[in-house]
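Here is a short tour to take with the structure open beside you. We will stop at a helix, a sheet and a chain contact.

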Amino acid sequence: MLGSTFAFLAALCAAQSQPADAPAQPARPETGFSGLAAGARPKVEIAWNRLYDYDEIHAHLDRLVAAHPGLLSMQVIGHSTENRELRVYTLTQPATGAHDTKPAMWVDGNIHGNEVQGGEAVVYVAWYLLENYGRVPRVTELVDGVTFYLCPMLNPDGRASWFRDAHNASSSRSGRQPTDDDGDGLYDEDESDDLDGDGSITQMRKYTPGEGNMRLSADDPRVMEPVPPNDRGIRGDWTMLGSEGLDNDGDGRTNEDPAGGYDMNRAWPSGWQPDWVQNGAGPYPLYWPETRCVARFWLAHPNLAGVQSFHNAGGMILRGPGYEAFGEYPREDVAVYDELGRDGELMLPYYRYMIIWKDLYSVFGGSVTYAYEGLGVISFTNELWNTDQMFGARADQQRGRASNHRFDDKLLMGAGFTPWKKFEHPLYGEIEIGGFKKDVGRVPPSFMIEEMTHRNALFAIRHAEALPRVVIEPPQVSELGDGLRAIDVEFRNEQAIPTRTAQAAQKGIGRPDVASLEGAGLEVLAGGWRSDRFRPERLELAERDPAALRSERGIPGRGSVRVRWIVRGSGTATIRWRAEKAREASRALSLP
Amino acid sequence: MFTRACVPLSTTLFAGLALAQAPHQTPAQAPAETPAQPAQAADAAPALESLPHAELVARAKALGPAAQWIALGRSRGGRELFALRIAADAARADEQPAILVVANVEGSRPWTSTLALHHAEQLAARAADPQIAAALANTTYYIVPCANPDAHERRFAAVRSEREATGPGLDDDRDGRAGEDPPSDVNGDGQLTLLRVLDPRGEWISDPADERALIKADKNRGESGRWRVWSEGRDLDRDERVAEDDPLDACVNRNFPAEWKEHAPASGAFPTDEPETLALCEALLQRPQIALVVSYGAYDNLVEKPKAVAADARNKRVPAPGVVEADANLLVELGKRYVELTGAKHKGRALEGGEWHTWAYAHCGVWSLAINPWELPLDTPEPKREDAAPAGETGAGEAPTETKPAARADAKKDKREASDDAKRLRWIDAHGGESWRFLPWTAFEHPELGACEIGGFAPFARSEPPEPERAELARKQLEFLTSLAGDLARVRIDEFSARALGAGLYELRGAVANPARLPFTSASAVRMRSLRPARLELELANGAQLVAGERIQLVRELEGSGGRFEARWLVRARSLDDVRLELVTQHAGGDRRAAQERP
């Protein structure tokens, strides 16, 4: 026991002082802890109870690249407004095929600057897959057969500001391009102000005896509650004055033009609407460099077959449509969404599978709706962390602001709250400043981060497992006489997602799939799609080019399509299925 | 109102009539004289021809400092995109209201680039002309002579064509290959026209009014189609379809965000994916002083009233496409002047979504006028001659020819109106030297289709004005363009007065007014919040204090024709000299006044 601890420590020191591929490092022993996410001793140690700044996120991923150079690689796809790198990490086993020959799962996080934990969840996807490649057979199979494109931070500037500057849980959602929110010709001139210097933007309240509309809760004087309308002369003694700040530009309003002021998840082409319909949309779709370079990356990768976007908060697994007027997605695709979404509800307790416009609110120009409506790719947004998770099964009796305090008091020793404290405000006079800090409410407490990242990463991985995989069943050859033969082939998709979604088929997105038969000694006289497995003459004949049949609809999820070719000749031939969003399947055939 | 409907358009007669027309006069304008312009233009360039992009660039650069060159980027094909900025006083050019003129966004209207260049040259050179001087006195003109040079150049290519697509192509025919069957000049005449082939699947028949024109067979009238019609080209992929998968699909003027049609090949991958589209968007967005856009091309919203919609779509977040009613009514008024000045009668192309001029209005909130300067007229009268059209068709039996006077009365009852193409052909027939505009259907042995015919309107035949009309057309368009300067909103402080209440206390009254015809912001801009409000700021010096009122006020709306905004303040000041009122706008000028004491 003691010895193994020593060995472990020695190995850890070695890992830190030497390159990952140094020969001195002993082979990692297989332990008895196969149920754990990374066994007993991961190759790359990452503390999953923390949030990491922009540089740290990249440093973790770079360590993973160094430790798994064959499997993980990095590219810079563009730069943010403040010139931070937008990085995409590609994860696959190149020995089984180049990344762009496999269906790809895109996972991003942090498109809203304050919704930080998506970044950690993306890193976790990479870490989990790499640690378990060659160790857990399903992971190995997945990394061999699928490509992951991982974009940990789509809004690095917003993240950096949220870490660096005073904020609350919801501010720094935007990017950092100066924007004139109030139309006065000045840009970002009235930001919130951290008047009490606690590093967070909290609340301002003023004691106004008998003239307010709020009172202190009898249960907890830190909690403000509205005084209900009454005829008994009961008035509030307190007035809430909004977020901590000053009227920096002297226009009579406070905090009305903070940094940025737009929403990069309202900027995508499908269903995009201008600012007055959809606040934050910007002057035209993909206006900000962060959004445009990701859209270009997607368009340049037709193998993109699944999209997962990590946000916070509320515990949701969201899918489109984003607005009511769109209608509903095609039935076949809804069935896929429902299957994955319901699995998600199991994997992610306290999360609900929801339709954006119906169950949340209308969103025009969201990124995941673009992935589906524009590119025909099954896509989800997860809203990470639900405050019901604070008390778990007892959440029913513990809701509202008082429960936030109870959690903070009992499990964080009160560290998440800045107590109300007097402050002399230039406009309001003597006021009090206090409230929950920026890391309370929308990100989980540190001890719950690991569970959140694991469950969400595994949901994305489950989605990746559902990407189409085509197999060709053994062909049946029938002699028709006079040297004519019929070759019947069943092409089967083993996974839940079709090779072409109904959306892609209906809108003509990308290229159709192709079923082909090629052989030097073979003449393909006719070919077509069988519509009846028992009656071979029911054949939807190709008008031309029968050796390469086009399929707009592809192969349904866990379904198959059947082809009959009528040929003359002999020799070896190859049957193939080519699709943009599935690996090419081929099968040799020998005709005597 | 003068119409040309019943007069054949001989060029001399046309010029005479045009001069007889009462020219539009703005109050400041001297009576119009016969323009000296034709003589000037004659030695510069022969008669306003369409020009290759390189020549447009050279001519624009030759204007020197009188027209500031503004680089806007490059086209997909690497050609320069540029604007010219013309202002009487370059130092004030960015402070006064501006008009942006954009030509040939669609790419198939190269002559409109010549028109825009003409305007630039005239504005830059003829500052002494009273109307031009009046316009330039308080207005900056930005002119983009050629917004789509790649398509523009097809006017001058070895094979001339009106193809508009310049961006990436898709697999249009869904055969798994993209761009494998482009249009091409199969008969080698240097022009892309149409190809027709007798085919029972065809949807087209010859127009009985003129067998050269094709019309859709009307099954309700018992007509069955005879001709299948394709763009001129091969069937390289042997799918019995001709030129159906062009390697280029995306069109600059379908790639703007307003009413963009997703998944239509011409729309492009996403709005502003085309570099020309993005460059135009940025050109406008970066210049908030631009209050009005004039677009020369295939579209029109002046001859024909645009589709008007209510300002607010109640209970619907997504508004109906169209021009807000209040704005449409103003366009109608501008349109009346346009028609009066130019005599234009032809409408424009139907909107398909993603057009530039729609975006400028609907998403940027600027006034947006679409002008289609010339099209083959539809009003040439039917020749009165009795010689019947030769029966060219065989086998179909439609198009009974009117040879016997007795049969005419019966035939008239069932007679359909001549198609627009047949009317266009009348104009061509009536004008000597214009026969180049229609290429007679000529038998051709097609490598894949076999026997077919190639012919139809020559590229640019429908939109390039005849040489004798061009100078006059350009002069009238310029007259309309310069008249617009007088319509732009100009705000000023109409009143800033003070009443002494004693002990250094003053009651101040301020009023902002817009005497111009156009409102400070369009109804679209109000809805869009896309134009900055006017900022009215009380400036207090030497310890003067605000006692009541808002020191800074933002004014979002101000009607035209005398629209007013009023405000009051109480201040304490030692002297009224310490109190000033400043009015700042981005697109309607500004003002600054000291208070006048009133009793």
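A residue counts as buried if 20 or more other C-beta atoms lie within 10 Å of its own, with C-beta atoms placed from the backbone. Please keep in mind that this is a predicted model.

**A helix in chain B**
- Helix α7 of chain B spans residues 275-285, and 9 of its 11 residues are buried, so the helix is largely enclosed by the rest of the structure.
- The buried positions begin with the run Pro275(B), Glu276(B), Thr277(B), Leu278(B), Ala279(B), Leu280(B) and Cys281(B), and are completed by Ala283(B) and Leu284(B).
- Among the elements of chain B that cover these buried residues are the strands β1 (68-74), β2 (80-86), β3 (98-103), β4 (140-144) and β9 (290-296).
- Helix α9 (356-362) of chain B is also part of that cover.

**A sheet in chain A**
- Four strands of chain A form an open sheet with antiparallel pairing, in the order β21-β18-β23-β24.
- Strands β21 (548-551) and β24 (582-591) of chain A each have a single partner strand, so one side of each is left without a neighbour in the sheet.
- From one strand to the next, the twist averages 10°.
- Within this sheet, β23 (residues 571-579) of chain A runs antiparallel to β24(A) and is joined to it by 8 bridges.
- For a pair to look up, Gly571(A) has Leu591(A) in β24(A) as its bridge partner.

**Where the chains meet**
- Chain A brings 30 residues to the contact and chain B brings 27 residues.
- On the side of chain A that touches chain B, 14 residues are nonpolar, 8 are polar and 8 are charged.

Definitions and conventions: Residues are numbered from 1 along each chain as its sequence is written. Chains are lettered from A and ligands numbered from 1 in the order in which they are written. This is a predicted model: local features need pLDDT of at least 70, side-chain atom pairs count only at pLDDT 80 or more; totals for chains, interfaces and linings use all residues. Two strands pair if DSSP finds at least two bridges between them. Helices (H or I, at least four residues) and strands (E, at least two) are DSSP runs, numbered from the N terminus. Axes are lines fitted to C-alpha atoms, for helices over the stretch in contact, and angles run from 0 to 180 degrees between N-to-C directions. Two residues are in contact if their C-beta atoms, placed from the backbone, lie within 7 Å. Ala, Val, Leu, Ile, Met, Phe, Trp, Tyr, Cys and Pro count as nonpolar, Asp, Glu, Lys and Arg as charged, and the others, Gly among them, as polar. A residue is buried if 20 or more other C-beta atoms lie within 10 Å of its own, exposed if 12 or fewer, and partly exposed in between; C-beta atoms are placed from the backbone.
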